[in-house]
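New to this one? Have a look at the sequence and the model first, and then we'll walk through it together.

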Amino acid sequence: MKTKEEIVRNWLPRYTGLPLSEFRPYILLTNFQSYLEQFCSLTGAKIANPSANMPSASAEDITMINFGIGSPNAATIMDLLEAVGVRASLFLGKCGGLHESFALGDYILPVAAIRHEGTSDNYFPPEVPALPTFNLQRATAEIVQQHNADYWAGTVLTTNRRVWEFDERFKEYLGRVQTVAVDMECATLFTVGAYNQIPIGALLLISDQPMIAEGIKTEESDRRVNIQFAEHHLNIGIDTLQELARNERNIWKLRF
């Protein structure tokens, strides 16, 4: 294999367990196996290969992929998706909410992401902002409101640092850069999506409040969040991509 096209066409089925011919044009991304299993319950889909590194399932116009946690995995899936004709991709992830007014189960609609993870530096210079596809975020916002919910819009910070909740200096830095939430994938997804000309958006669920000791995520608190909010989160993602498939609206605001 000498070209990127040859590599990604070979690797995407190997990572996901799904043949290229079975990929749908609308991609729902997550890093939680429970989301993929719920997707199957809601749509009647079946996981192509449960033991795959990035297990996936398809139903109607949507393929859902659990690509795992962290920016290297986010970059990998956005590179591999170049093998198929993606019309739109939407990430359903979780994040830590940083403002006192936020509550568990609230949604964050990122308008940009701070590239604190390092992975995206392999694609664009540091001064290039990490931005989601505008029209995709607008469509997601409309569906959120149709589900009688609301969202907070703002900049998220994407970091590879997993354990920082004890670090007061890092917390002070988060305040200075005016970020509303912390996650581990958005900046990479947005950057590599732009690099590969793949429309990408995100809707994040606030699963913890890491700025206060009692808000740090635990196994029990994460279980409660999943029980209360995950299905609603997933339904919004499915409905957003189905609406885009029906209307064939122009996703891209600008041409590359």
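What follows is a short tour of a predicted model, from its cores to a pair of helices and a few single residues.

## The nonpolar cores

Let's start inside. The largest nonpolar core has 39 residues, and the members touching the most others are Leu29, Ile77, Leu81 and Leu189. Helices and strands both feed into this core: α1 (4–16), α3 (71–80) and α6 (186–195) each give at least two residues, and so do β1 (26–30), β4 (88–97), β5 (107–116) and β8 (200–208). There's also a second core, separate from that one, with 33 residues, including Leu36, Leu136, Leu203 and Leu205. As a general backdrop, nonpolar side chains in soluble globular proteins tend to be buried together.

## Helix α3 and Ile77

Helix α3 is mostly covered, with seven of its ten residues buried. Those are Ser71, Ala74, Ala75, Ile77, Met78, Asp79 and Leu80. What do they pack against? The buried residues of α3 pack against helices α1 and α6 and strands β1, β3 (62–66), β4 and β8.

Ile77 deserves a stop of its own. Leaving out residues up to four places away in sequence, Ile77 touches Leu12, Leu29, Met54, Ile65, Phe67 and Leu189.

## Where α2 meets α7

Now for a helix pair. Helix α2 (residues 33–43) and helix α7 (residues 219–247) have axes that come within 10 Å and cross at roughly 65°. The crossing is right-handed.

On the α2 side, the residues involved are Ser34, Tyr35, Gln38, Phe39, Leu42 and Thr43, and they meet Asn226, Ala230, Glu231, His233, Leu234, Asn235 and Ile238 of α7. This contact is a mix: six residues are nonpolar, six are polar and one is charged.

## Two buried residues

Is Ser56 buried or exposed? Ser56 counts as buried because its relative accessible area is 0%, under the 20% cut-off. Ser56 is found in strand β2 (residues 56–59). A polar atom of the Ser56 side chain lies 3.2 Å from the backbone oxygen of Thr16. Setting aside residues up to four places away in sequence, Ser56 touches Thr16, Leu18, Leu36, Lys46, Ile47, Ala48, Thr63, Met64 and Ile65.

Ala139 lies in helix α4 (residues 134–146). With a relative accessible area of 2%, Ala139 is buried too. From Ala139 to Arg87 is 52 residues in sequence and 14 Å in space, C-alpha to C-alpha.

Definitions and conventions
Residues are numbered from 1 along each chain as its sequence is written. This is a predicted model: local features need pLDDT of at least 70, side-chain atom pairs count only at pLDDT 80 or more; totals for chains, interfaces and linings use all residues. Side-chain values use heavy atoms; hydrogens and water are left out. Axes are lines fitted to C-alpha atoms, for helices over the stretch in contact, and angles run from 0 to 180 degrees between N-to-C directions. Helices (H or I, at least four residues) and strands (E, at least two) are DSSP runs, numbered from the N terminus. A crossing is left-handed if the near helix is turned anticlockwise from the far one by less than a right angle, and right-handed if clockwise. Contact means heavy atoms within 4.5 Å. Ala, Val, Leu, Ile, Met, Phe, Trp, Tyr, Cys and Pro count as nonpolar, Asp, Glu, Lys and Arg as charged, and the others, Gly among them, as polar. A nonpolar core is a set of buried Ala, Val, Leu, Ile, Met, Phe, Trp, Tyr and Cys residues joined through side-chain atoms within 4.5 Å. Buried means under 20% relative accessible area, exposed over 50%, partly exposed in between (1.4 Å probe, protein chains only). A polar contact is a pair of N or O atoms within 3.5 Å; within protein, one must be able to donate a hydrogen and the other to accept it, and residues adjacent in sequence count only if both atoms are side-chain atoms.
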